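Q: Got a minute to go through this one with me? I'd like to start with the sheet.

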Amino acid sequence: MNTSVQTKKEEELMAFTAEKLAHYTEFTKKIRRHIVKMTHKAGSGHPGGSLSATELLTVLFFEHMNVDPKNPRWEERDCFFLSKGHCTPVYYSVLAEKGFFPVEELMTFRNVDGRLHGHPCSEHCPGVDISSGSLGQGLSVANGVAMAAKLDGKSRRSYVMIGDGELQEGQVWEAAMTTPHYGLDNVCAIIDWNKIQLDDYVENVKGLADLAGKWKSFGWHVIEIDGHNLNEVDDAFREAKATKGKPTAILAHTIKGKGISFMENTHKWHGLAPNDEELDIALKELV
Amino acid sequence: MTQLKAPREGYSEALIRLGERYKEMVVLDADCAKSNMTNLFKDKFPDRFFNIGISECDLVGTAAGFAVGGKIPFANAYANFLTGRAFDQMRIVVCYANNNVKIVGHNAGTSAAQEGATHLPLEDISLMRTLPRMTVIVPADSLEMEKAVEAVFQHEGPVYLRVGKLPVPVVTKPEDPFVIGKANLYQEGSDVTIISTGIMLSEVFKAAEELKQRGVSAEVIHVHTIKPIDKETILKSAAKTGRVVTVEEHSIIGGLGSAVSEVLSEHQPTPMRRVGTQDRFGVSGKMNELLDFFGLRAANIVNAVEELLEPVTAQ
């Protein structure tokens, strides 16, 4: 098994142009507006972990994922698995903006007759590669797709987003052993490290100790970034793609509830929808 | 003399035959390849065999990924660990996500023998039966297993296939049909319907013979597909005989007995008895000893039939 690692030097990584940076700065605000509006309309949902993952998912889908919104099941596509399945507000917002379904449909989030269920359903929602919602399962699935791609000599890549609290699920670590064992350098795991889970801070519930050390010791190439810095996010995905022989884990430091003052850094907004007044304040902050 | 052959042998042979024909077939195991005889597939097609290690949840999740990636995966492990530990994975990324994954539970029933209660899968059928979209198949012997594997491969959608480890009598015939969801009628009768699944068919044949000696005419139906169950055949036979005995190498809670009683009680309530393991764990013992221990013998079936034949007033 090839374990040699080639990574691009930092200076070779391409920073966003000022124009692009300005575009994504505005665009991520738009995504955040979708998040608060759709959870407000539904009266439930998970804004906290959606707001922390906004830059990561935006840059991934608009700069790196090889997908065709007109043909969601295209056999050469890159796959994405939202292992932290509750963060559908950001996921659906990015899929809609990417063109998998109409943006207006976001307002049917969690409706009984809609296809944007509380947790993603691959059968109903175009662009969703696997149903999720029971934590801990995404990396195994990402591995399977990556193994099938290797078997067929295809260049398709497999991305998975895992929550930091979700790392308490044992299956994540079963799968984290599988990925490097099979040399799956076409797998990229993104850890949305927002430090907070449903009940409390992750460190108070069951701490992660040396998280980078854990992934490294499992045989992964580890990149630690500020998950809200668009340039760092983009660079990390480029570095992951350029890394051969082993899989890459992007440990993205993020802020739960990022972008809305009263939602930041609290577990209160893990799974709570804003009321009318809170929505108004949020939207003003996202102008 | 009836031939004895382990269902896993038929499984392994069929797997290899299919592997030769279909390049999209991949086989995964959880460090039981020798015991499950998937190692023979590995020897033949090393690039399409993946040992995922001792991690059933990861095994099932990875298999789902293979299906997303365009393959037809067979995920193998010991039946109890597979269905017990990885139930949630089967529920979410296999059945709910509607992925074409074949789940193969080995060491089924009493064939785990001397390993003891931890290794005796007596609840796997119940668990798998509750999952929407899951097809559940329990073949009678090695020969029917071979036909089942082919049908399972051709079937589009999630399947649970139950495979025994130790040799059992080959009682089906090469010409017997195998259609998923269609029960096989092996013997016509008028006094009682005996419905079996899995390896109990050989004991059912013995029981039917014994009953014949006693002047009781038994109809014998073999249900290799527990889900979807063949309601039509069951209801037709129950209407004819008015009495039903189910026989399974599995708990009577949730397995074949439950499935048949659900069909009958909804459509035409019929007196019945369920032969199977009771609400209990197993012990260590040779397979034959365990069949005695659990009361899974022809004599037990005959007793159940005779109970049903007693006049209602005498019960």
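A: Sure, let's take the sheet strand by strand; keep in mind this is a predicted model.

Q: What's the strand order in the open sheet of chain A?
A: The order is β1-β2-β3-β5-β4, so to speak an open sheet of 5 strands, with parallel pairing.

Q: And which are the edge strands?
A: β1 (79–82) and β4 of chain A, each pairing on one side only. From one strand to the next, the twist averages 20°.

Q: How do the strands hold on to each other in general?
A: Strands of a sheet pair through backbone hydrogen bonds, in a parallel or antiparallel way.

Q: OK, β5(A): buried or exposed, mostly?
A: Mostly covered. Of the 6 residues in β5 (248–253) of chain A, 5 are buried.

Q: Which strands does β5(A) pair with?
A: With β3(A), residues 187–193, it pairs in the parallel sense over 6 bridges. β4(A), residues 221–226, also pairs with β5(A) in the parallel sense over 6 bridges.

Q: Which residue is the partner of Ile190(A) in β5(A)?
A: Ile250(A) is its bridge partner. On the β4 pairing, Ile225(A) stands opposite Ala252(A).

Q: What links up with β4(A) and β5(A) to make a β-α-β unit?
A: Helix α9 (residues 230–242) of chain A, and the unit is right-handed.

Q: How many bridges join β2(A) to β3(A)?
A: 6, and the two run parallel. Ser158(A) stands opposite Val187(A) there.

Q: Switching to chain B: what does UniProt place at residues 5–170?
A: An unreviewed entry gives "domain: Transketolase-like pyrimidine-binding" for that stretch. In the model, the span is 45% helix and 18% strand, and its end C-alpha atoms lie 7 Å apart.

Note on methods:
Residues numbered from 1 in each chain as written. Chains lettered and ligands numbered in written order. Predicted model: local features only at pLDDT ≥ 70, side-chain atom pairs only at ≥ 80, totals over all residues. Buried ≥ 20, exposed ≤ 12 C-beta atoms within 10 Å, placed from the backbone. Helix = DSSP H or I, 4+ residues; strand = E, 2+ residues; numbered from the N terminus. Pairing = 2+ DSSP bridges. Right-handed = clockwise from strand over helix to strand, strands pointing away. UniProt positions renumbered as here; feature names shortened; annotations may be inferred. Axes fitted to C-alpha atoms, helices over the stretch in contact; angles between N-to-C directions.
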